[in-house]
Amino acid sequence: MERRQVIKGIAAAAGMAWVSPRISALGLDQVSVEKSRFGIPIRGLSNKGGKLVQPIQLTVEHAGTDATLVVRVDHQQVEKRVLSPGTHTFNVYVDPVETARQMLIEYEIAGKSESAELRVEPVRKLLIFILPHSHHDFGYTDLQSNVEEKQMANISRGIELARNTADYPPGARFVWNLEVLWGADLFMRTKTEPERQELISAVKKSWIGLNGMYANELTGLCRPEELLQLFRYSTELGSQCGIPVDSAMISDVPGYTWGTVSAMAQAGIRYFSAAPNYFDRVGTFMVEWQDKPFWWISPGPINSRFTGLQPESTVSAR
């Protein structure tokens, strides 16, 4: 299943820790939707009090005054709550299944009862990493002056959120990632000295992640010198912050020219996150290589006179 469908499934089943790559766009088992109008097993896991449980979504209609609802799964009570008049949708939770199995779910409220058998499927566990960042579409989504203000505000807000979560456990601390460095360059040229030092400090503390490209460039339109200049600022800012910038990312732009590999290698970039639009102008790139790490080997240096590169350069791409 395509990655966008998995992400939609996560959004539909908010709070889930894991999600199956076979999950539907709504995160629901479509076979069971046809069998029961009030119960739908969700193919995912939730973390409740440190324990992983599997949700079943219920929709119960109740008329009249407030009444107590009791829900049982395989004759064991799993939920008891008071419902007001109206339609209510909520989850109940069962122990995760290792193999597909039928479960009897039933509820009673105000003398009314209903039951159904649901097929609950096991969940394949996937660890999902979220990379907070803002896409740079300079002059495309808004006026250039507005984009400038937004991107610099993102840096300040990212530092603030990272500071507020600095004492959280590892993995829960906020990190803001700069997709490209045009906004950081503008920040360093226009902000006050204390603000500039705050950004440098945030990078050193790993509150802000730097990526090597200056902009979301159409690399196929670049001459060799322009490709090299595309990564120049990353070496400057990295030197100021005392860290190497060894990764780059580019989103939306459809395709990357061969010379990009040599230019990245020249700048010390070893890792490249590539995220073109799936549906247009990229041939079968996403079909063949989406979510599959690979080494991207260039056919040769941009120009051996001034790059000093060997005949081949490699970059790890995703």
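The legends below describe close-up views of a predicted model.

**Figure 1. The whole chain, as background to the close-up views.**
The predicted chain holds 10 helices and 15 strands. Of its 318 residues, 41% are buried. Among contacts with a separation of 6 or more, 61% join residues that are 24 or more positions apart. A search of the whole structure gives 11 salt bridges, and three of the views below include one each.

**Figure 2. A salt bridge in helix α3 joins Glu160 and Arg157.**
The closest N and O atoms of Glu160 and Arg157 are 3.2 Å apart. Both residues belong to helix α3, which covers residues 144-164. They are three residues apart, or about one turn of the helix. An α-helix has 3.6 residues a turn, so residues three or four places apart point the same way. Glu160 has 34% relative accessibility and so counts as partly exposed. Arg157, with a relative accessible area of 43%, is partly exposed.

**Figure 3. A salt bridge in helix α5 joins Arg196 and Glu193.**
The N to O distance between these two side chains is 2.7 Å. Helix α5 runs over residues 193-204. Arg196 and Glu193 are three residues apart in helix α5, so about one helical turn separates them. Glu193 has a relative accessible area of 39%, which means that Glu193 is partly exposed.

**Figure 4. A salt bridge in helix α7 joins Glu236 and Arg232.**
Here the closest N and O atoms are 2.4 Å apart. Helix α7 is made of residues 232-241. Glu236 and Arg232 are separated by about one helical turn because they are four residues apart in this helix. The relative accessibility of Glu236 is 36%, so Glu236 counts as partly exposed. Arg232 is partly exposed, with a relative accessible area of 42%.

**Figure 5. Helix α4 crosses helix α7.**
Helix α4 consists of residues 182-190. The axes of α4 and α7 come within 11 Å and cross at roughly 55°. This angle is neither under 35 degrees nor in the range 65 to 115, so the two helices are oblique to each other. The crossing of α4 with α7 is left-handed. On the α4 side, the residues that meet α7 are Ala184, Asp185 and Met188. On the α7 side, they are Tyr233, Leu237 and Gln240. The residues of this contact divide into four nonpolar, one polar and one charged.

**Figure 6. Helix α4 is mostly covered.**
Seven of the nine residues in α4 are buried. These are Trp182, Gly183, Ala184, Asp185, Leu186, Phe187 and Met188. What covers them? Helices α3, α5 and α7 are included in the cover of the buried residues of α4. Strand β10, at 176-178, is included as well.

**Figure 7. His75 has a positive phi in a loop.**
Phi of His75 is near 70°. Most residues other than glycine have a negative phi. His75 is a residue other than glycine with a positive value. The loop that contains His75 lies between strand β5 (67-73) and strand β6 (76-83). Is His75 buried or exposed? At 57% relative accessibility, above the cut-off of 50%, His75 counts as exposed.

**Figure 8. Asp252 has a positive phi in a strand.**
Phi of Asp252 is near 75°, again a positive value in a residue other than glycine. Asp252 is located in strand β12, which is formed by residues 247-252. The relative accessibility of Asp252 is 26%, so Asp252 counts as partly exposed.

**Figure 9. Met286 is a buried residue in helix α9.**
Helix α9 comprises residues 285-289, and Met286 is one of them. Met286 has a relative accessible area of 7%; because this is under 20%, Met286 is buried. How far apart are Met286 and Ala275 in space, C-alpha to C-alpha? The distance is 8.7 Å, and the two residues are 11 residues apart in sequence.

Key: Residues are numbered from 1 along each chain as its sequence is written. This is a predicted model: local features need pLDDT of at least 70, side-chain atom pairs count only at pLDDT 80 or more; totals for chains, interfaces and linings use all residues. Side-chain values use heavy atoms; hydrogens and water are left out. A salt bridge is a side-chain nitrogen of Lys or Arg within 4 Å of a carboxyl oxygen of Asp or Glu. Buried means under 20% relative accessible area, exposed over 50%, partly exposed in between (1.4 Å probe, protein chains only). Axes are lines fitted to C-alpha atoms, for helices over the stretch in contact, and angles run from 0 to 180 degrees between N-to-C directions. Angles under 35 degrees count as roughly parallel, over 145 as roughly antiparallel, 65 to 115 as roughly perpendicular and the rest as oblique. A crossing is left-handed if the near helix is turned anticlockwise from the far one by less than a right angle, and right-handed if clockwise. Contact means heavy atoms within 4.5 Å. Ala, Val, Leu, Ile, Met, Phe, Trp, Tyr, Cys and Pro count as nonpolar, Asp, Glu, Lys and Arg as charged, and the others, Gly among them, as polar.
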